Every structure is written in C-alpha cells, then in structure tokens.
Amino acid sequence: MNNVLFFAHLKDEVGVESLQIEAKGKSVLALKQVVHDTYGLSSIDSVMTAINEEFAEDDDVIQEGDTIAFIPPVSGG
C-alpha cells in the first residue's frame, strides 16, 4: 500500500489528509486518474506531485511503500 497525501484545497475536497491506496507499479499519471475517478478531483491534472518528498513527473513509477503527495499550485502576494 501507498500513503497518498493531499494538501490545501485537495484535502478539503477529498475530506481527509491522507489515504492508503494500492499504487505499486502505477505511474503518477495512472494514480492521478484513479484519484480523479474515485474522488472527483477535476483539478488533479494541474497539481505538482512528489514521491518520498522529491518532485515527480507523470511517467514516474510508484514503488511499494512510497509516499505520494499531491500539491496544488500556490498563488502568493
């Protein structure tokens, strides 16, 4: 299983800070699709992703035990 973390408004939309999702062998893009389909997060396509606290690309493959974080864009001011 993999720990999937949601930050900012994503956490509010899903209703929890983290979920346990079986993502071993999936690409980041495939996991985004699962999250989109399961939780209706339409903005998941525009978020940054990190695997084990390192930024990841959509084609990176998730390993058993990895922690995946979805981080929405932040506007400052």
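Which residues is Asn3 in contact with, leaving aside its neighbours within four places in sequence? Asn3 is in contact with Ser18, Leu19, Gln20, Asp66, Thr67 and Ile68, where contact means heavy atoms within 4.5 Å. This report describes a predicted model, in which local features need pLDDT of at least 70, side-chain atom pairs count only at pLDDT 80 or more, and totals for chains, interfaces and linings use all residues. Residues are numbered from 1 along each chain as its sequence is written, and side-chain values use heavy atoms, with hydrogens and water left out.

## The sheet

Helices (H or I, at least four residues) and strands (E, at least two) are DSSP runs, numbered from the N terminus. The model contains an open sheet of 5 strands in the order E2-E1-E5-E3-E4, with mixed pairing. Its edge strands are E2 (18-21) and E4 (54-56), each of which pairs on one side only. On average, neighbouring strands of this sheet are turned by 30 degrees against each other, direction ignored. Such angles run from 0 to 180 degrees between N-to-C directions, with axes taken as lines fitted to C-alpha atoms, for helices over the stretch in contact.

Two strands pair if DSSP finds at least two bridges between them. Strands of a sheet pair through backbone hydrogen bonds, either parallel or antiparallel. The table lists pairings in this sheet.

| Strand pair | Sense | Bridges | Residues opposite each other |
|---|---|---|---|
| E1 and E2 | antiparallel | 4 bridges | Val4 and Leu19 |
| E1 and E5 | parallel | 4 bridges | Leu5 and Ala69 |
| E3 and E4 | antiparallel | 3 bridges | Ala50 and Phe55 |

Helix H2 (residues 28-39) packs on the sheet and touches E1, E2, E3, E4 and E5 (67-71). The direction of H2 makes about 65 degrees with that of E5.

## Strand E1 and its two faces

Asn2 is found in strand E1, which covers residues 2-6, and Asn3 has its place in E1 as well. In a regular strand the side chains alternate between the two faces of the sheet. Along E1, Asn2, Val4 and Phe6 point to one face and are buried, while Asn3 and Leu5 point to the other and are not. Buried means under 20% relative accessible area, exposed over 50%, and partly exposed in between (1.4 Å probe, protein chains only).

With a relative accessible area of 0%, Asn2 is buried. A polar atom of the Asn2 side chain lies 3.0 Å from the backbone nitrogen of Ala23, and the side chain of Asn2 also reaches the backbone oxygen of Gln63 at 2.8 Å. Not counting residues up to four places away in sequence, the residues that Asn2 touches include Leu19, Ile21, Ile62, Gly65 and Ile68.

Asn3 counts as partly exposed, at 24% relative accessibility. Its side chain is joined to that of Gln20 by a polar contact of 3.1 Å. A polar contact is a pair of N or O atoms within 3.5 Å; within protein, one must be able to donate a hydrogen and the other to accept it, and residues adjacent in sequence count only if both atoms are side-chain atoms. The C-alpha atoms of Asn3 and Ile68 are separated by 6.3 Å, although these residues are 65 residues apart along the chain.

## The nonpolar core

In soluble globular proteins, nonpolar side chains tend to be buried together. A nonpolar core is a set of buried Ala, Val, Leu, Ile, Met, Phe, Trp, Tyr and Cys residues joined through side-chain atoms within 4.5 Å. The largest such core has 18 residues, of which Phe6, Leu31, Val35, Leu41 and Phe70 touch the most other members. E1, helix H1 (9-14), E2, H2 and E5 each supply at least two residues, and H2 gives the most, with 3 residues. Apart from residues up to four places away in sequence, Val35 touches Phe6, Ile21, Gly40, Leu41, Ile44 and Phe70.

## The loop between E4 and E5

The structure holds 1 salt bridge, defined as a side-chain nitrogen of Lys or Arg within 4 Å of a carboxyl oxygen of Asp or Glu. In this salt bridge the side chains of Asp58 and Lys32 meet at 2.9 Å, N to O. The pair links distant parts of the chain, with Asp58 in the loop between E4 and E5 and Lys32 in helix H2, 26 residues apart. Asp58 counts as partly exposed at 32% relative accessibility, whereas Lys32 counts as buried at 4%.

Glu57 lies in the loop between E4 and E5 and is exposed, with a relative accessible area of 53%. The C-alpha atoms of Glu57 and Ser27 are separated by 8.8 Å, and the two are 30 residues apart along the chain.
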